[in-house]
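Visitor: Could you take me through the charged side chains of this structure, with a close look at the salt bridges? I would like the cut-offs along the way.

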Amino acid sequence: MKKLIVLLVLLAFAEISYSQWPGMGGAKSKSIKGKISGTLVDSISGAPVPYATLVLKTAGKTREKDGVLSDDDGKFKFDSKTGSYDIYISFLGYEEKKLDSIKLTLKSPDADLGKIFLIPSDYVLDEVEITGERSLIENKPDKLVYNVEQDATVAGGDATDVLRKVPLLTVDLDGNVSLRGSSNVRILVNGKPSGMFANNVADALKMFPADQIKKVEVITSPSAKYDGEGSAGIINIITKRENIEGIAGSINTSIGTRQNSLFSSLNAGKGRLGMSSSGSLFYSLPANGVTSFERIDNGVVSSFNEGINRTSRLGGNGSVSAFYDFNAFNALNASFTIRGFGFDTDGSNNGFFADAMLGVDSFTRNTIGGNYFGGYDVTLDYTKTFEDKKDKELVFAAQVSKGDNNQDFTVSEEHSLLEALNRNQSGVFNDGDNLETTFQVDLTQPLPKSFKLETGAKVIFRDINSDYSTESLPDNPYVSNIFGYGQDVYAGYASLSFVVKKKFSFITGLRYEHTSIDGSWDRAGTDAIDPLDDFEFSYQNWLPNITISRSLPKFRTIKASYSRRIQRPNLYYINPFNNNADVFNRTIGSPRLNPELVDQFEMSYNTSLAGITLFLTGYYKHTSDIIESILSVDDSGVSVTSFDNVGTNNSVGTNIFATKTIKKLTVRGGGNLYTYGARGVVNGDNLEANDILYSLFFGGDYSFSGSLKADFFGFFRSPQRTLQGTNPSFTIYGMGIRKEFKNSSLGLSLIEPFNADKAFNSDIQGNGFEQRTRFTIPFRSIGVNFRYKFGKVDFKQRKSKVKNNDQKAGDGDGQGGGGSGGGMMGGGNN
């Protein structure tokens, strides 16, 4: 048998060599290079079909000569010599199509096939679109899709401008994103995690230009192929960093009273090889904010301070990606991204601290802070498809992510009574490093009768190091130490999707995850309650899910789903760095936190009434071991904010989204109404809290002409609840206008024109104490944006297969978190 195989291989090699060797294989006939072009179109909707696979073969032969993907407009092109050819066309959701005997002759070397209509198959039930704005919003069984490219009014903005327009999502002042009122979301870029969102989501989103975003996918009930997800869901940002043909680039700059940005891109591609590159710079002008802090113990003010904090932000990132298609069935994709951004603060405070035994200590404090978040991501994917098996795909993927999180505070303070706390330019430092390595393999296997099976395995190795110190207390291991943390995740999954009677779509699956954790300090502690002992533990979880979608006439859809997801805390919550820049109000992480476990039931329905497109959802969530910030007062009277698994939360909610177009005006609106019903133990006390929370939004755009458009938006969110109290509410509104030219555009934006400043308040209560914080910042802003594009390319979607989305992330830089932010190390785990 082995001899026969070797003989066949040699014969095949000889045939190839003979046919390609100069002067062999017959006389060379006269030929000329020509092309075959056309456009793929949906036979029902008339919409173009992008990213379909087209294979070119010599007529009547089985060997593949070339392969391409249709571009965003459904267009394709083959460059080939004169001859007779067959074209095979395939794409998920459509019947396979063959075009026979296309002839290129010396007299007519080019063949324009015009529109080629593809007939939807049973799979089309997986992609039912909302008809009111079917090109802008799509409702699919497992996700809601917002097609940013169809919304011209976001041009010149950043990712926060985009996400504020996506149904179900809200974005607050700091850029923290929430889904159905929960900030426990994972943000992916092209289906994979990015370290840029690991810790400071606010600055990362502001440096992400809207012009780079193609669409946003919101997945509320992730299937088994996704990493164990938390109580909210997944936000997948799909960019235009794709397969290209040609050379093109763009420059986008914005100048304003609050924020300034510059973004540039350059793309080049030829045939099966291409590269894309981009770079961005973001700068926020220095702004003064007024802060105040007050703690009341048993009805008496025991601690108070107020002052002015001046903050500025600067950051940038750059990326380069490359692809090579060996042929229509084997492709390699690689990318490298580097980033660095942060913010500097300069604050002065005056206050007092009262102690029943010692008396009242008055103090003045000046704090200069520097916060840096940087790192890089390297990804490599190999994708293999199969000529004899439609939609079968095998992917091997690897990713290495490095994250840096450094926080430096220089403190000078004088105390009238507690002179031992005096500091003269004394430092409080945290140097955090996170290295994350991922390997995974995924197989998509089509089965008979519209069945599709997806299986895969994955391993993630996370190694974290936090070197923290307080110069005034170098020998205290609780404030000056080195902490090492390891987290290894091993996972496997199987997901099955199928269609029954051309009306019901099913997606069901099961995921298994095993997590091993270990932690250690360089120096042991002396406190018997917390001796800083090394620790290690592990846990395993089975995570099922099922989604049932029923397609109704007139593009209506009703869906029901259930999923169980796990949500691990990331280093924002775990890092034991004791941030004592404010000696009377400290923050510290909790290394031994357990993960949250979430069971969610959901039902949704979309329809169109009197030209109004409606999307309605009802859901119930049960979360065990919920992680919340905990405020306590230690024996010395110092406020300490940490984190704990406080108990359970049961939440019932409903979402509504509606949109209506009246000639040149389009309006959108909706909101989320849900309950907070938590029970748990905080600082040894049994607590229970019940509340009704909400978020509302509205927006729209008006087209004065094809090149002149205006838009407006508003967002309102109630205060957020914890077992101990409330964190700030948030509102914002704005408007803009943009003029498009041939290769450029000019825009003007205005945010909160009637509010120069805005205040944010939080109120946390415990056993015998109440803590109130307030900060006020400049808010009104006006900005001008200019965008210029050059060159021309054809785009074809390419994206990495690595998706690390299993960790509970922190809330930006923690400005509005009621003492829960600051001083935590990110993990590059989104």
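Guide: What follows is a walk through the salt bridges, then a charged patch and one strand pair.

This is a predicted model, in which local features need pLDDT of at least 70 and side-chain atom pairs count only at pLDDT 80 or more, while totals for chains, interfaces and linings use all residues. Residues are numbered from 1 along each chain as its sequence is written, and side-chain values use heavy atoms, with hydrogens and water left out.

Let us begin with the salt bridges. The term is used for a side-chain nitrogen of Lys or Arg within 4 Å of a carboxyl oxygen of Asp or Glu. A search of the whole structure gives 20 of them. In one, Arg 295 meets Asp 297 with an N to O distance of 2.9 Å. Arg 295 is buried, since its relative accessible area is 1%; buried stands for under 20% relative accessible area, exposed for over 50%, and partly exposed for what lies in between (1.4 Å probe, protein chains only). Another joins Glu 513 to Arg 511, where the closest N and O atoms are 2.7 Å apart. Glu 513 counts as buried because its relative accessibility is 1%, and Arg 511 is buried at 2%. For a pair in another setting, look at Arg 679 and Glu 688, whose side chains meet at 3.5 Å, N to O. Both Arg 679 and Glu 688 are exposed. There is also a network: salt bridges with shared partners link Arg 365, Glu 413, Arg 423 and Asp 582.

Now for charges outside salt bridges. Lys 33, Lys 35, Lys 77 and Lys 270 form a positive surface patch. Patch members have over 30% relative accessible area and no salt bridge, and like charges are joined within 9 Å; the place of a Lys charge is taken as NZ. Lys 270 is part of strand E17, residues 259-270 (strands are DSSP runs of at least two residues, numbered from the N terminus). With a relative accessible area of 65%, Lys 270 is exposed.

A lysine with other surroundings takes us to strand E9, residues 143-146. Lys 143 and Val 145 point one way from E9, Leu 144 and Tyr 146 point the other way, and all are buried. E9 pairs with strand E14, residues 213-219, in the antiparallel sense over three bridges; pairing asks for at least two DSSP bridges between the strands. Opposite Val 145 stands a charged residue of E14, Glu 217.

Notes:
Helix = DSSP H or I, 4+ residues; strand = E, 2+ residues; numbered from the N terminus. Patch = residues over 30% accessible without salt bridge, like charges linked within 9 Å, V, L, I, M, F, W, Y side chains within 5 Å. Areas by Shrake-Rupley, 256 points an atom, 1.4 Å probe, with all protein chains shown as cover.
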